[in-house]
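Q: Please pick one part of this structure and take a close look at it with me. I'd enjoy one connected account rather than a list.

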Amino acid sequence: MVRHPLSFTLNKSQDKLLKTLLTARPADTVKEQKKRTDDRTRQTESPGGMTVLQEPVQAAVWQALNHYAYLDAVFLAERLYAEVRSEEALYLLATCYYRSGKPYKAYRLLKAHSCSTPQVRFLLAKCCVELSKLAEGEQVLIGGVLNKQKSQDDIITEFGDSASFTLSLLGHIYCKTDRVAKGAECFQRSSTLNPFLWSPFQNLCHLGEKPDPDQVFRLSSLQISSIALPPPSVSPAQNPSHRLDTALMETPQDTLELNRLNLESSNGKLTSDMSVSYIDSSLISPETGSLLGNTVSMASAGSLLAKQNKPKSGRSLLGGPAALSPLTPSFGILPLDPSPGDPTYLQNYSATMETQTTGPNKKSVSRISQSKSVFSQSGNSRDVLPIPFNQSQTSAPHTSGSPQVLSPSMSGPPNVQPRRSSRLFTSASSTAKENSKKLKMKFPTKIPNRKTKCKSTKTSNSSNLNESLDILRLDPGLSLPDTKIQHQRAAADSVMALLRELGRGYQALCSYNCKEAINILTSLPPQHYNTGWVLTHIGRAYFELAEYTQAERVFSEVRRIESFRVEGMEIYSTTLWHLQKDVALSALSKDLTDMDKNCPEAWCVAGNCFSLQREHDIAIKFFQRAIQVDPGFAYAYTLLGHEFVLTEELDRALACFRNAIRVNNRHYNAWYGLGMIYYKQEKFNLAEIHFKKALSINPQSSVLLCHIGVVQHALKKSDAALETLNRAIGIDPKNPLCKFHRASILFANDKYKAALQELEELKQIVPKESLVYFLIGKVYKKLGHTHLALMNFSWAMDLDPKGANNQIKEAIDKRYLPEDEAAEVDDSQDSSIMTDADDTQLHTAESDDVL
Amino acid sequence: MADGENVAFLPYQFEPESDPEDAAEEPRELRPQQEVSERRMATPSKTPPGADPKQLERTGTVREIGSQAVWSLSSCKPGFGVDQLRDDNLETYWQSDGSQPHLVNIQFRRRTTVKMLCIYADYKSDESYTPSKISVRVGNNFHNLQEIRQLEMVEPSGWIHISLINQRTNEPISTFMIQIAVLANHQNGRDTHMRQIKVYTPVEESSIGKFPRCTTVDFMMYRTIR
């Protein structure tokens with residue numbers, strides 16, 4: 001078993017950590033996991049003198065952290081650090097600061113002290129990045145310019161299990177500092193090291209790289225073996241002794257609680273003695289048979305619970321898909337599916353993953369558990385062996401314990417079930433239904449389960465129990481058949497398969513292969529399809545295809561199932577902006593800004609809302625606010641730029657678009673915005689260049705092609721323009737503007753018949769667009785069919801009861817009439833006829849004519 | 001008497017009200033007004049209010065650009081100055097504090113296209129402070145201002161639209177500076193009240209190509225990338 005390099009240096013604090021570990025189990029950060037690993041690996045090392053003093057404090061700190069009591073955690077950690085001044089305590093304090101959302105505190109604290117251990121340096125680097133001190137962060141990670149810089153391999157060896165996260169962070173720094181190639185390399189390494197990590201892949205896609213999902217989301221043979229090996233490798237021998245300590249240390253209050261709980265919960269069958277004895281039993285595990293008599297009822301209760309859980313979980317796998325979204329890492333513990341992937345193994349697995357190759361992230365754990373669910377779904381025999389029973393039991397504490405500890409990070413429905421089940425359990429403690437199964441059980445395991453259950457219901461540090469559980473589990477685990485290992489592997493494989501699919505879809509979207517992206521994402525299994533993440537990206541794909549009604553449908557579904565989701569809502573708001581649905585847009589804006597005032601998306605939505613109301617000044621303020629809350633949010637710059645274009649502050653608009661490109665040079669909307677401005681300034685060459693740049697990023701956009709066609713026409717390259725427009729129509733036959741511009745170019749080139757035909761087709765697509773009739777009228781005018789021309793003009797007027805009429809009218813007056821001065825008489829007649837039709841609107845025009 | 005002038009100007013005063021939202025109302029406003037101005041010598045009737053400029057803004061054909069300009073006044077009572085004139089609140093007002101003519105100067109940083117001005121006056125509240133004769137002058141600076149509009153109002157109560165469209169070219173004027181001069185008040189009042197002044201520029205087509213605005217959502221959503 002590979003030990004973490006730290007494990008030897010830290011041994012003094014090891015024991016404290018141990019406790020920490022135990023309490024910290026459900027928490028979800030890298031460091032914690034790492035810590036846990038450390039603990040595991042170092043369990044055998046002898047506790048130092050200080051241990052006794054520190055351990056409870058550290059445990060308390062971690063417990064406070066795990067219960068989001070940051071004030072308490074910080075306070076205690078400060079005390080501890082004042083007392084001990086060890087790097088471990090420093091790290092703990094910094095972690096408290098960081099987790100309480102004050103990275104600058106952690107940064108200054110760590111900065112003021114020498115940081116030698118990788119975990120501390122990682123945290124410092126993380127803080128640096130958070131505070132945008134990129135150079136410093138880089139220096140912390142790979143050494144300064146003066147020293148020899150560390151290569152990625154050095155990092156991997158130095159940071160060991162957390163190397164994948166370190167590399168990901170480093171890649172982030174590189175990308176922010178415009179060293180894209182190096183950044184991409186880092187992300188690549190990171191995802192190879194830990195294929196469970198999504199963000200490196202995502203970042204690679206954003207960089208315009210095309211990582212092969214099949215390569216990325218693949219467990220190397222080493223990783224597979226690590227999955228396979230774990231149970232034995234956790235060295236059962238080491239654990240008991242250590243656990244013994246912890247159990248002893250833990251007991252005092254816990255047992256009291258336990259007792260109380262037991263009394264409450266189990267029909268009085270369990271006595272306080274029992275719980276105490278239980279602890280003993282866990283320590284002495286094999287001999288606890290004597291307790292059996294008492295525990296039977298518990299066991300049966302547990303098994304009952306397990307039974308209840310099972311079918312439910314089976315259903316919930318289909319029914320409660322939201323929890324399985326790959327972006328919500330912590331759901332993993334939830335899936336009620338008790339059977340195949342025994343949580344113990346999970347833990348062991350993750351532990352070994354940590355120690356061996358990959359990063360020990362909470363994520364990985366959750367992924368695995370997710371995989372479990374996937375796996376179980378695939379029906380790989382959960383009932384195969386007696387094992388499942390044990391598993392189900394162990395899972396019970398998990399489920400019951402996790403909601404309380406973890407709940408914030410989990411989404412709804414699955415959450416409910418475990419709770420209910422635990423309640424069920426407490427009430428239905430004594431049914432003997434499961435006797436047969438019970439017989440197969442090993443008592444020691446059973447007992448701890450029971451205990452965990454009580455505890456977890458009580459929210460106390462169940463991790464401790466879990467730990468003991470682990471250990472107990474291990475004993476039986478020695479005799480466990482290989483099937484478990486296979487289950488593990490199958491589970492991991494199925495996650496990987498899922499990730500590969502998602503990766504393919506995401507990559508297609510990032511390369512603006514939207515139709516393919518939609519296909520891939522739509523073919524996901526329903527429980528994944530119906531998640532906010534997937535639907536948001538499908539909506540995004542429709543959006544990029546300019547199929548706004550489809551996009552709106554998908555996004556409103558997202559709103560329905562995950563009303564708390566902000567990611568992608570800016571796209572939704574732009575969709576609504578395009579569709580001019582002001583009511584929906586303002587409702588969305590209100591909801592999001594009420595919900596989260598610190599996310600740029602909410603302010604973008606608000607800005608779009610006001611932009612649609614043509615209150616551009618307010619919209620500008622909101623977009624500026626979006627930038628303020630997140631200067632790295634490229635789309636906010638773009639939207640601000642568009643707003644400045646609308647208020648004709650072109651210089652500021654240019655600056656905004658350039659900023660957007662600075663933040664993300666693959667943000668084609670900003671390139672488009674630049675082209676648009678140059679077009680307005682009649683710098684057609686520049687406009688074409690920028691439009692083409694945008695097109696190179698998003699080659700499938702018919703709107704972009706249409707603009708390029710218009711620019712080419714303006715550059716007198718009419719043939720090229722027609723060709724471009726034909727391409728655009730080929731990509732999206734439904735785009736009316738392409739046809740319209742093609743018609744107008746044909747018209748300008750005196751190809752009236754062709755133009756007319758084009759317009760007739762166009763009329764089928766958008767029968768209510770007055771512009772079409774306007775252009776038809778112009779064509780007829782050219783062809784000399786005056787009455788047809790007039791008929792179309794008046795249709796154009798009628799179809800335009802709102803604001804645009806002035807312009808059409810002016811266009812008729814200015815562009816149309818002066819054109820044929822020979823026909824002036826006709827024209828004045830025309831306009832008088834039209835005046836009859838709509839005299840008020842044409843009144844001034846007429847008088848102008850007279851003048 | 002500037003009545004002859006009035007006849008010439010009044011149509012322009014209301015022309016911008018070809019506000020699509022109020023298209024139906026338009027004839028009512030246009031025609032009576034013309035008659036009114038002809039009959040004015042006999043029985044002066046009240047100047048009818050124009051549409052709320054906010055509605056115009058919503059149509060997207062015009063845009064308020066007063067915020068881009070530097071505003072100054074010939075005189076004002078403390079606390080009744082530019083802020084009150086521009087605060088979008090019809091309850092507050094600018095009150096001059098000096099000799100006539102009272103001037104409002106609107107200076108832009110660059111040559112700016114202006115389609116119309118909207119002034120809010122309320123005879124019911126302001127009585128003898130209500131302006132009755134207003135002149136609009138444009139130019140590059142204070143020294144070359146030229147009057148382009150002069151209008152008289154009779155007990156106005158509401159928005160008064162002053163079109164700045166050049167009669168000959170039928171184009172909105174393009175200018176660095178606008179000066180609004182209050183030449184006379186009702187009942188020979190000395191100081192004047194103005195509650196709001198808004199300056200509108202026509203909105204340029206955001207669509208590409210030299211075409212007028214499109215009208216249907218189906219069409220419009222392909223117009224631009226955002």
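A: Happy to; what follows is a close look at one strand and its partners. This is a predicted model, in which local features need pLDDT of at least 70 and side-chain atom pairs count only at pLDDT 80 or more, while totals for chains, interfaces and linings use all residues. Residues are numbered from 1 along each chain as its sequence is written, chains are lettered from A and ligands numbered from 1 in the order in which they are written, and side-chain values use heavy atoms, leaving out hydrogens and water.

Our subject is strand β5 of chain B, residues 116–122. Strands here are DSSP runs of E with at least two residues, and helices runs of H or I with at least four, numbered from the N terminus. Seven of the seven residues of β5(B) are buried, so the strand is largely enclosed by the rest of the structure. Buried means under 20% relative accessible area, with exposed over 50% and partly exposed in between (1.4 Å probe, protein chains only).

In a regular strand the side chains alternate between the two faces of the sheet. Here both faces are covered: one side holds the buried Met116(B), Cys118(B), Tyr120(B) and Asp122(B), and the other the buried Leu117(B), Ile119(B) and Ala121(B).

Now for the neighbours in the sheet, where two strands pair if DSSP finds at least two bridges between them. With β8(B), residues 157–163, β5(B) forms seven bridges in the antiparallel sense, and Asp122(B) is bridged there to Ser157(B). Five bridges join β5(B) to β11(B), residues 196–202, also antiparallel, and in that strand Gln196(B) is the bridge partner of Tyr120(B).
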